[in-house]
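User: Please prepare a set of questions and answers on the structure shown below. Each answer should give its reasoning before it arrives at the value or name requested.

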Amino acid sequence: MAESYVNTAMPLLGLFSDVAIERAGIGPDMRVVDVATGPGTVACRVAPRAASVDAIDFSSEMVARCRARADALGLHNVTVVQGDGQSLPYADASFDLGFSMFGLMFFPDRPRGFRELCRVLRLGGRAFVTSWASVEKSPLMLARIAAFKAADPSALSPQKNVMTLEDPALFAREMEAAGFVDVVVEPVHRERQFRDLDELCEGLARGNAPFELVRREIGEPEWSRRMGVMRDYLGNNYGPFPLRLGSTAYLGQGRKPG
C-alpha cells in the first residue's frame with residue numbers, strides 16, 4: 001500500500017508533522033532521527049533545517065520511497081535504512097531530536113520503542129511522537145467507518161481501547177517510564193479539503209491498511225461492489241463540495257534528562 005499511502009495519507013499526516021517540527025525548533029547544527037519514517041514525511045521536511053537526518057523504517061518499500069523522495073528533493077543529508085524501531089541501529093546519545101509520527105503507536109512493544117528513542121538521544125535531547133486520538137474525535141475517521149459499514153453492515157465498529165496511545169494519560173506514562181521528563185501530550189486537530197466526491201472516496205479508501213487487508217481478502221469484484229455502495233453513501237450524506245473533514249491526534253513530547 002506504499003504508493004496509495006504516499007498519494008492519499010501523506011498530505012494529512014504532513015499537517016500533523018508540521019506541528020511537531022515547529023514545536024521542535026530545529027537548528028542547523030542538529031542531528032535528527034526519524035523512526036518509522038514511512039515515505040519520509042518528516043525526514044524530508046526536517047532535512048533543510050538540520051545538519052543531518054537518519055530515517056529508519058521496517059518496510060523495504062517505504063525505505064525505497066523515502067530514498068527516492070530525498071533524492072528528488074536534492075536532500076543529501078538524509079540517510080535511510082531498513083530496520084526495527086524497537087532495536088535502533090544507532091549508538092547511545094547520537095541525536096539532538098527524535099521523531100516518530102504515527103509509527104511508534106503501532107509497535108508490538110511500545111515501551112521498548114520509547115526506551116530506544118530515549119536511548120539514542122543526547123542528554124537534553126527531545127522526542128516528538130504522534131498517535132491518533134479515539135475515532136469519535138475525528139470526523140474524517142467517522143466518515144470512513146460509516147461508509148464502510150454501509151457497504152458491509154456486519155463490520156464491527158472500532159472500540160475505544162484504553163491500552164493504546166489514544167489514551168493521553170497512558171501516552172504520557174509510557175514516555176515517562178521510558179526515561180523522558182517534562183512530558184506533555186496535547187491534542188492537535190487538522191483538516192483536509194476534498195474537492196469533490198471522487199477525491200473523498202479516494203482519500204477514505206486508499207492508503208488505509210485495514211481497508212487494504214479487506215480488499216485482498218474479498219477480491220476485486222466484491223471490493224468494487226462495496227466501493228460503489230460507499231460512494232453512494234458518501235454522496236448522499238456528505239457535501240456540498242469542496243468539503244473539509246478533520247482528524248485529531250495526540251502529540252507527545254518529552255526531554256531526555258541531563
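**Questions on a predicted model**

User: In which strand is Asp182 found, and is this residue buried or exposed?
Analyst: The model is a predicted one. Asp182 belongs to strand S6, which comprises residues 181-194. Exposure requires a relative accessible area over 50%. Because Asp182 has a relative accessible area of 53%, the residue in strand S6 is exposed.

User: What is the phi value of Asp182?
Analyst: Most residues other than glycine have a negative phi. Asp182 is not a glycine, yet its phi is positive, at about 55°.

User: Which residue in the loop between S3 and S4 has a positive phi, and what is its relative accessible area?
Analyst: The loop between strand S3 (78-82) and strand S4 (95-101) contains Ala93. Phi of Ala93 is near 55°, a positive value in a residue other than glycine. Ala93 is partly exposed, as its relative accessible area is 46%.

User: Does the end-to-end distance of helix H9 agree or disagree with the span expected of its residues, and what is that distance?
Analyst: Helix H9 runs over residues 220-237, which are 18 residues. At 1.5 Å a residue, H9 should span 26 Å. The distance agrees with this expectation, since the end C-alpha atoms of H9 are 25 Å apart.

User: Which residues of H9 are buried, and why are they on the same side of the helix?
Analyst: The buried residues of H9 are Trp223, Arg226, Met230 and Leu234. They are on the same side of H9 because they cover an arc of only 80° around the axis. In an α-helix there are 3.6 residues a turn, so residues three or four places apart point the same way. The buried residues asked for are therefore Trp223, Arg226, Met230 and Leu234.

User: Which exposed residues does H9 carry on the face turned away from its buried side?
Analyst: The buried residues of H9 pack against helix H5 (139-151), helix H7 (197-205) and helix H8 (209-218). On the face turned away from that buried side, the exposed residues are Pro221 and Asn236.

User: How are H8 and H9 oriented to each other, and what is the angle between them?
Analyst: The axes of H8 and H9 are 7 Å apart. An angle over 145 degrees would count as roughly antiparallel, and one of 65 to 115 as roughly perpendicular. H8 and H9 are therefore oblique to each other. Their packing angle is about 130°.

User: Which residues make the contact of H8 with H9, and how many of them are charged?
Analyst: H8 contributes Phe211, Val214, Arg215 and Ile218 to the contact. H9 contributes Glu220, Glu222, Trp223, Arg226 and Met230. By class, 5 residues of this contact are nonpolar and none is polar, while the charged residues number 4.

User: Is Ala151 buried or exposed, and which residues beyond its sequence neighbours does it contact?
Analyst: Ala151 lies in helix H5. Its relative accessibility is 7%, so Ala151 counts as buried. With neighbours within four places in sequence left aside, Ala151 is in contact with Arg225, Arg226, Val229 and Met230.

User: What is the phi of Gly239, just after H9, and what is the omega of its bond to Pro240?
Analyst: Gly239 takes a positive phi of about 135°. Most peptide bonds are trans. The bond joining Gly239 and Pro240 is cis, with omega of about -5°.

User: Which other residue in the loop between H9 and S7 follows a cis peptide bond, and what is the omega?
Analyst: The loop between H9 and strand S7 (243-255) holds Pro240, and Pro242 is found there as well. The peptide bond from Phe241 to Pro242 is cis, and its omega is near 0°.

User: Is Thr248 buried or exposed, and how far in space is its C-alpha atom from that of Glu191?
Analyst: Thr248 has its place in strand S7. At 8% relative accessibility, Thr248 counts as buried. Among the residues that Thr248 touches, apart from those up to four places away in sequence, are Trp132, Pro187 and His189. Thr248 and Glu191 are 57 residues apart along the chain, and their C-alpha atoms are separated by 8.9 Å.

Conventions
Residues numbered from 1 in each chain as written. Predicted model: local features only at pLDDT ≥ 70, side-chain atom pairs only at ≥ 80, totals over all residues. Heavy atoms only, no water. Helix = DSSP H or I, 4+ residues; strand = E, 2+ residues; numbered from the N terminus. Expected span 1.5 Å × (residues − 1). Buried < 20%, exposed > 50% of the residue type's maximum accessible area, 1.4 Å probe, protein only. Arc of directions from axis to C-beta. Contact = heavy atoms within 4.5 Å. Axes fitted to C-alpha atoms, helices over the stretch in contact; angles between N-to-C directions. Parallel < 35°, antiparallel > 145°, perpendicular 65-115°, else oblique. Nonpolar A, V, L, I, M, F, W, Y, C, P; charged D, E, K, R; others polar.
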